Amino acid sequence: VSNVAPTLSVVGNQAVSEGSLLSLPNVGTFTDPGFDNPLNPLAEKSETFTFTIDWGDGTADSAGAATVDALGSPGVLTAGSFDGSHTYADDGLYTVTVTVLDDDGGQDVRTFSVTVSNVAPTLSVVGNQAVNAITVTR
């Protein structure tokens, strides 16, 4: 029996202001024909999935274990999801690359774009000041 890679879907394109948290529940959802089989005499007993998110800005990828939302069975796909969040330091257009992997080496990769808008700097000034005049005599 050959492994079939999971099928990944990701969120649509996003927009956020620089310095603000981009929080994406279910940034990736996936299905896979593999399913838990505790009676499997020759192989694994359960299916597990991991994910990576490359945010496109040179920072470290986000990675972790994906959640299995619905257990599969013969003829019924296993379904899962994972969340992601990131803060962009500067404005620009970024391509986010999302990967889901099953425990048998199958993977699927999808991308979406994030448009990060510039935020104007803020300026704080001190309040009015008073000084005493100095008189100089010659």
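Contact means that heavy atoms lie within 4.5 Å. The model treated here is predicted: local features need pLDDT of at least 70, side-chain atom pairs count only at pLDDT 80 or more, and totals for chains, interfaces and linings use all residues. Residues are numbered from 1 along each chain as its sequence is written, and side-chain values use heavy atoms, with hydrogens and water left out.

**Exercise 1. State which residues Phe112 touches, and place Phe112 in the largest nonpolar core.**

Step 1. Leaving aside residues up to four places away in sequence, Phe112 is in contact with Val10, Val11, Gly12, Asn13, Gln14, Leu24, Val27, Tyr94, Thr95, Val96 and Val98.

Step 2. A nonpolar core is a set of buried Ala, Val, Leu, Ile, Met, Phe, Trp, Tyr and Cys residues joined through side-chain atoms within 4.5 Å. Buried means under 20% relative accessible area, exposed over 50%, and partly exposed in between (1.4 Å probe, protein chains only).

Step 3. The largest nonpolar core has 21 residues, and Phe112 is among the six that touch the most other members, together with Ile53, Phe82, Tyr88, Val96 and Val114. At least two residues of this core come from each of strands E3 (21-32), E4 (49-54), E8 (92-102) and E9 (107-117). Strands (E, at least two residues) are DSSP runs, numbered from the N terminus.

Step 4. In soluble globular proteins, nonpolar side chains tend to be buried together.

**Exercise 2. Describe how E8 is paired with E4 and E9.**

Step 1. Two strands pair if DSSP finds at least two bridges between them.

Step 2. E4 and E8 run antiparallel and are joined by 6 bridges; Thr52 stands opposite Thr99 in E8.

Step 3. E8 also pairs with E9 in the antiparallel sense, over 10 bridges, and Val100 has Asp108 in E9 as its bridge partner.

Step 4. E8 and E9 form a hairpin with 4 residues between them, and Gly105 in the turn has a positive phi of about 95 degrees.

**Exercise 3. Determine the setting of Ser85: is Ser85 buried, partly exposed or exposed?**

Step 1. Ser85 belongs to strand E7 (residues 78-87). E7 pairs with E3 in the antiparallel sense over 9 bridges, and Leu24 stands opposite Gly84 in E7.

Step 2. Ser85 has a relative accessible area of 38% and is therefore partly exposed.

Step 3. Beyond residues up to four places away in sequence, Ser85 touches Leu21, Leu22, Ser23, Trp55 and Ser62.

Step 4. Ser85 and Pro25 lie 60 residues apart in sequence, with 8.2 Å from C-alpha to C-alpha.
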